[in-house]
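Colleague: I should be grateful for a close look at a single part of this model. Please take one pair of packed elements and then relate it to its surroundings.

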Amino acid sequence: AVHQVGVAVFLAAYLLEAIPGPPLIYVMIAFLSGALLLGSEWWRHRQIFRELAGMISIVKLLLLGAAYHGFLPLPATVLLAFVIASLGAHAPKKVRHRLLF
């Protein structure tokens, strides 16, 4: 729930353009809670980065980094990263933890 709050504010800040960017506290909440979630998944599934869930995490971070540095349009890319992460998080366990390589 903490991660969802941080990410929701992060997403809203870029989609609604109400503020120049998300407040730093919400960025920290999103990234730190995301790191904790990824760490807990890694603890259970030691090959997380070979699984779909790990690949989604890597792609999401690459997209956000590219958008932040101006390589991709910020609002659309943040929304795309959010949608990809949501689909991956709600995929069935056998799909989410399937080894890709």
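At what angle do the axes of helix 3 and helix 4 cross, and within what distance do they come?

Modeller: The model is a predicted one, and the description below should be read accordingly. Two packed helices are described by the angle between their axes and the distance between the axes. Helix 3 covers residues 52-68 and helix 4 covers residues 74-89; their axes cross at roughly 170° and come within 9 Å. Angles over 145 degrees count as roughly antiparallel, and helix 3 and helix 4 are therefore roughly antiparallel to each other.

The residues that form this contact can be named on both sides. Helix 3 contributes Ile56, Lys60, Leu63, Leu64, Ala67 and Tyr68. Facing them in helix 4 are Leu74, Thr77, Val78, Leu80, Ala81, Ile84, Ala85 and Gly88. Sorted by class, the contact of helix 3 with helix 4 comprises eleven nonpolar, two polar and one charged residues.

Some of these residues also belong to a further grouping. Leu64, Val78 and Ala81 are among the seven residues of the largest nonpolar core, which also includes Phe10, Leu11, Tyr14 and Val27. Helix 1 (2-15) and helix 4 each provide at least two residues of this core, and helix 1 gives the most, with three residues. Tyr14, one of the core residues, offers a view of the surroundings: leaving aside neighbours within four places in sequence, Tyr14 is in contact with Leu74, Pro75 and Val78, and also with Pro20, Gly21 and Pro22. Leu74 and Val78 thus appear both in the helix 4 side of the contact with helix 3 and among the contacts of Tyr14.

A second site involves the loop that precedes helix 3. His45 lies in the loop between helix 2 (24-44) and helix 3, and His45 counts as buried because its relative accessibility is 16%. Beyond residues up to four places away in sequence, His45 touches Glu51 and His97. His97 is placed in the segment after helix 5 (93-96); at 13% relative accessibility, His97 likewise counts as buried. Apart from neighbours within four places in sequence, His97 is in contact with Glu41, His45, Ile48 and Glu51. With Glu41, His97 shares a polar contact of 3.4 Å between the side chains.

Note on methods. Residues numbered from 1 in each chain as written. Predicted model: local features only at pLDDT ≥ 70, side-chain atom pairs only at ≥ 80, totals over all residues. Heavy atoms only, no water. Axes fitted to C-alpha atoms, helices over the stretch in contact; angles between N-to-C directions. Helix = DSSP H or I, 4+ residues; strand = E, 2+ residues; numbered from the N terminus. Parallel < 35°, antiparallel > 145°, perpendicular 65-115°, else oblique. Contact = heavy atoms within 4.5 Å. Nonpolar A, V, L, I, M, F, W, Y, C, P; charged D, E, K, R; others polar. Core = buried A, V, L, I, M, F, W, Y, C linked by side-chain atoms within 4.5 Å. Buried < 20%, exposed > 50% of the residue type's maximum accessible area, 1.4 Å probe, protein only. Polar contact = N/O pair within 3.5 Å; in protein donor to acceptor, adjacent residues only side chain to side chain.
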